[in-house]
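Visitor: Could you walk me through this one while I have it on screen?
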Amino acid sequence: TGGAIETGMSVHHTYGMPMISGSSVKGAVRSYAEGIGLGKEFLAVLFGADEDLAKQTNTLESAGYLVWHDAWWIPHDSQTKPFVGEVVTVHHQEYYGGSGAATDFDSPIPNQQLAVQGSFYFVIEGDTAWANLAIKLLSDTLAKQGIGTKRAAGYGFMKNNQELNNKLQKQQ
């Protein structure tokens with residue numbers, strides 16, 4: 001939902017905390033999987049098959065055999081807040097607006113915006129082998145392609161926090 005001078009984020013309507021919808025997670029991972037040439041049979045199982053893909057893979061039309069849950073923001077400690085203020089400085093406003101050239105004489109215009117910081121908890125539910133493949137694809141997607149808006153500016157890229165992952169697995 002973001003634009004050129006703003007970031008988009010989903011905030012849960014009841015809890016007011018940032019989240020990434022499961023359908024967005026599934027769609028981003030599917031895009032990545034298609035981009036790396038994952039086989040159509042795998043795509044059908046992991047993400048679902050419309051009529052055309054079902055015919056190509058000799059399977060049934062489906063939404064896929066995994067459940068892609070919403071990713072929730074994880075509070076690490078009482079000091080880390082989910083939202084952080086950022087400033088994006090547009091240096092060539094007329095150029096980006098399509099009405100002029102970008103020059104060294106343009107005055108920068110700071111724009112305040114909100115961003116999300118911290119970690120997210122991702123859950124993919126289903127057969128263990130398929131879920132493990134999906135988790136590997138998710139990890140690669142978040143590290144190499146990112147998720148959400150403004151990825152060209154560095155937003156939406158994530159890496160696995162093994163220490164936090166171990167802590168959550170112990171709690172589970």
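Guide: Let me fix one term before we start: buried means under 20% relative accessible area, exposed over 50%, and partly exposed in between, using a 1.4 Å probe and protein chains only. The model is predicted, so local features need pLDDT of at least 70 and side-chain atom pairs count only at pLDDT 80 or more, while totals for chains, interfaces and linings use all residues. Residues are numbered from 1 along each chain as its sequence is written, and side-chain values use heavy atoms, with hydrogens and water left out.

Visitor: Okay, Thr141: buried or exposed?
Guide: Thr141 is buried, because its relative accessible area is 1%.

Visitor: And what does Thr141 touch?
Guide: Leaving aside residues up to four places away in sequence, Thr141 touches Ala28, Val29, Tyr32 and Gly146, where contact means heavy atoms within 4.5 Å.

Visitor: Switching topic, how many aromatic pairs are there?
Guide: The count is three, taking rings of Phe, Tyr and Trp (its six-membered ring) as paired if their centres lie within 6.5 Å, with planes under 30 degrees apart called stacked, over 60 edge-to-face and the rest tilted. One of them joins Tyr15 and Trp72, whose ring centres are 6.2 Å apart with planes at 70 degrees, so this pair is edge-to-face.

Visitor: How exposed are Tyr15 and Trp72?
Guide: Tyr15 is exposed at 58% relative accessible area, whereas Trp72 is partly exposed at 30%.

Visitor: What about Phe47 and Trp68?
Guide: Phe47 and Trp68 form a stacked pair, 5.5 Å centre to centre with 25 degrees between the planes. Phe47 is buried, with a relative accessible area of 4%, and Trp68 is buried at 9%.
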